[in-house]
Amino acid sequence: MPKTSNISIFRSNDVWMDRNRVYKVLIDGEVSGELWPDKSETFRVRPGEHRVQVRIDFMKSNEFSTSIEDGQSLELQCSGKGSAMALFNTLFRRNAYLTLRPF
């Protein structure tokens with residue numbers, strides 16, 4: 001019997017301008033859920049290769065690629081880059097507005 005594989009993402013509470021806004025979680029290019037500040041969400045996935053990204057409006061995090069085995073859990077953290085970098089990234093590097101990394 002196959003076990004459940006999970007991807008958990010924690011969103012830190014560090015970009016003041018996004019504190020009342022929800023981030024969207026994309027797994028394999030599809031919106032899978034939402035993240036609020038200082039909260040964690042867990043998403044069930046099939047074992048195999050997956051691409052994970054977080055976005056708000058047209059701004060995104062880096063894309064995190066992983067391979068998950070049957071029954072394995074992966075924990076990631078999403079965070080902003082601070083006010084000064086947020087403005088720069090909004091204008092010039094929309095795929096670097098947020099950071100997604102192992103937790």
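The following conversation between a visitor and a guide walks through a predicted model.

Visitor: How many helices and strands are there in the chain, and in what order do the elements run?

Guide: In this predicted model, the chain holds 1 helix and 9 strands. Read from the N terminus on, the elements follow the order β-β-β-β-β-β-β-β-α-β.

Visitor: What share of the residues is buried, and what share of the contacts joins residues at least 24 apart?

Guide: The chain has 103 residues, and buried residues make up 39% of them. For the contacts, the count takes in residues at least 6 apart in sequence, and among these the share that joins residues at least 24 apart is 60%.

Visitor: Which strands stand at the edges of the open sheet of 4 strands?

Guide: The open sheet has mixed pairing, and its strand order is β4-β1-β8-β9. Two of these strands have a single partner strand each, so one side of each is left without a neighbour in the sheet. From one strand to the next, the twist averages 25°. The strands at the edges are β4 (39-45) and β9 (98-102).

Visitor: In which sense do β1 and β4 pair, and which residue of β4 is the bridge partner of Asn-6?

Guide: Strands of a sheet pair through backbone hydrogen bonds, either parallel or antiparallel. Strand β1, which covers residues 5-11, pairs with β4 over 7 bridges, and the sense is antiparallel. The bridge partner of Asn-6 in β4 is Arg-44.

Visitor: How many bridges join β5 to β7, and which residue stands opposite Phe-64?

Guide: Strands β5 and β7 run antiparallel, and 5 bridges join them. The residue that stands opposite Phe-64 of β7 is Val-52.

Visitor: Which side chains of β7 are buried?

Guide: In a regular strand the side chains alternate between the two faces of the sheet. Strand β7 shows such alternation, with Ser-65 and Ser-67 pointing to one face and not buried. The side chains that point to the other face and are buried are those of Phe-64, Thr-66 and Ile-68.

Visitor: Which residue takes a positive phi in the hairpin of β2 and β3?

Guide: Strands β2 and β3 run antiparallel and are joined by 5 bridges, and Ile-27 stands opposite Glu-30 in β3. The hairpin has 2 residues between the strands, and the residue with a positive phi, near 55°, is Asp-28.

Visitor: Which residue of β2 meets Glu-34 in a salt bridge, and is each partner buried or exposed?

Guide: Glu-34 lies in strand β3 (residues 30-35), and its partner lies in strand β2, 10 residues apart from Glu-34. Glu-34 has 37% relative accessibility and counts as partly exposed, and the partner, at 28%, is partly exposed as well. The side chains meet at 2.9 Å, N to O, and the partner is Lys-24.

Visitor: Where do Asp-57 and Arg-21 lie, and what is the N to O distance of the salt bridge in which they meet?

Guide: Asp-57 is in the loop between β5 (48-56) and β6 (59-60), while Arg-21 is in the loop between β1 and β2 (23-27), so that this pair links distant parts of the chain, 36 residues apart. Asp-57 is partly exposed at 45% relative accessibility, and Arg-21 is partly exposed with a relative accessible area of 34%. The N to O distance is 2.7 Å.

Visitor: How far apart are the closest N and O atoms of Glu-63 and Arg-51?

Guide: Glu-63 lies in the loop between β6 and β7 (64-68) and Arg-51 in strand β5, so this salt bridge ties together parts that are 12 residues apart in sequence. Both count as partly exposed, with relative accessible areas of 43% for Glu-63 and 34% for Arg-51. The closest N and O atoms are 3.4 Å apart.

Visitor: Why is the aromatic pair of Phe-10 and Phe-103 called stacked?

Guide: A search of the whole structure finds 1 aromatic pair, with Phe-10 in strand β1 and Phe-103 in the segment after β9, 93 residues apart. The ring centres are 5.5 Å apart, and Phe-103 is exposed, with a relative accessible area of 55%. Planes under 30 degrees apart count as stacked, and the angle between these planes is 15°.

Visitor: Over the face of which residue does Arg-11 lie?

Guide: Arg-11 is placed at 3.5 Å from the ring centre, and the residue whose face Arg-11 lies over is Tyr-23.

Methods:
Residues numbered from 1 in each chain as written. Predicted model: local features only at pLDDT ≥ 70, side-chain atom pairs only at ≥ 80, totals over all residues. Heavy atoms only, no water. Pairing = 2+ DSSP bridges. Axes fitted to C-alpha atoms, helices over the stretch in contact; angles between N-to-C directions. Salt bridge = Lys/Arg side-chain N within 4 Å of Asp/Glu carboxyl O. Buried < 20%, exposed > 50% of the residue type's maximum accessible area, 1.4 Å probe, protein only. Phe/Tyr/Trp six-rings, centres within 6.5 Å; stacked < 30°, edge-to-face > 60°. Lys NZ or Arg CZ within 6 Å of the ring centre and 35° of its normal. Contact = heavy atoms within 4.5 Å.
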